[in-house]
Amino acid sequence: MKANKDPGGQMNRDRYAELRRILEERRREIMSEVHTKIRDVRTEAANSPAHGVLDAAETSESDIQDDIEFALIQMKAETLNKIEEALRRLEEGTCGYCFECGEEITEKRLRALPFAVRCKDCEEARELAQQRERMIAQRRGAASLFVDMQG
């Protein structure tokens, strides 16, 4: 389902309201998840025996778990930044339109990824180009390694 632009190029009110609702709901969910994680970490720290001795395996496992928790919180923070940027673009009237081709991003894509900046086709083209660049860089790296071994 495509929403229409009015002659001034603005998103219609229904699409605007729905996209704003989706973004704000996603922001609330993520904030709640982050607060829950932080509370869980604090509770865990308070309940762990500070005077107990951990062996190397327990320490390593604990460190890995801490790293995972930190990475998850960091990913949530990045998503929150993307949501905030999308809300700013929504106010400017540019949210919901592809950065590359200027066409409307489909409602289905925005429901799944409300802060998307490209339509499906442009995003796929971008990903293919990045994949090609990585492959070329890998070949160059392998070729230079081969040349270094020869020299």
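These are my notebook entries on what I looked up in this structure.

Entry 1, ground rules. I am working with a predicted model, in which local features need pLDDT of at least 70 and side-chain atom pairs count only at pLDDT 80 or more, while totals for chains, interfaces and linings use all residues. Residues are numbered from 1 along each chain as its sequence is written, and side-chain values use heavy atoms, with hydrogens and water left out.

Entry 2, confidence. I looked up pLDDT (the predictor's confidence in each residue, from 0 to 100) and found a chain mean of 82, with 78% of the residues at 70 or more. Over residues 1-9 the pLDDT stays under 50, and for this stretch the model has 12 contacts (heavy atoms within 4.5 Å) beyond four places in sequence.

Entry 3, the core. I turned to the largest nonpolar core (buried Ala, Val, Leu, Ile, Met, Phe, Trp, Tyr and Cys residues joined through side-chain atoms within 4.5 Å), where Leu19, Leu23, Ile83 and Leu90 touch the most other members among its 17 residues. Helix H1 (13-47) and helix H2 (56-92), helices being DSSP runs of H or I with at least four residues, numbered from the N terminus, each supply at least two residues of this core, and H2 gives the largest share, five residues. Leaving aside neighbours within four places in sequence, I find Ile83 in contact with Leu23, Arg26, Arg27, Ile30 and Phe115.

Entry 4, Glu104. I located Glu104 in the loop between H2 and H3, and noted that Glu104 is buried, with a relative accessible area of 13%, where buried means under 20% with a 1.4 Å probe and protein chains only. The Glu104 side chain makes a polar contact with the side chain of Arg15 at 3.2 Å; such a contact is a pair of N or O atoms within 3.5 Å, one able to donate a hydrogen and the other to accept it within protein, and residues adjacent in sequence count only if both atoms are side-chain atoms.

Terms used:
Buried means under 20% relative accessible area, exposed over 50%, partly exposed in between (1.4 Å probe, protein chains only).
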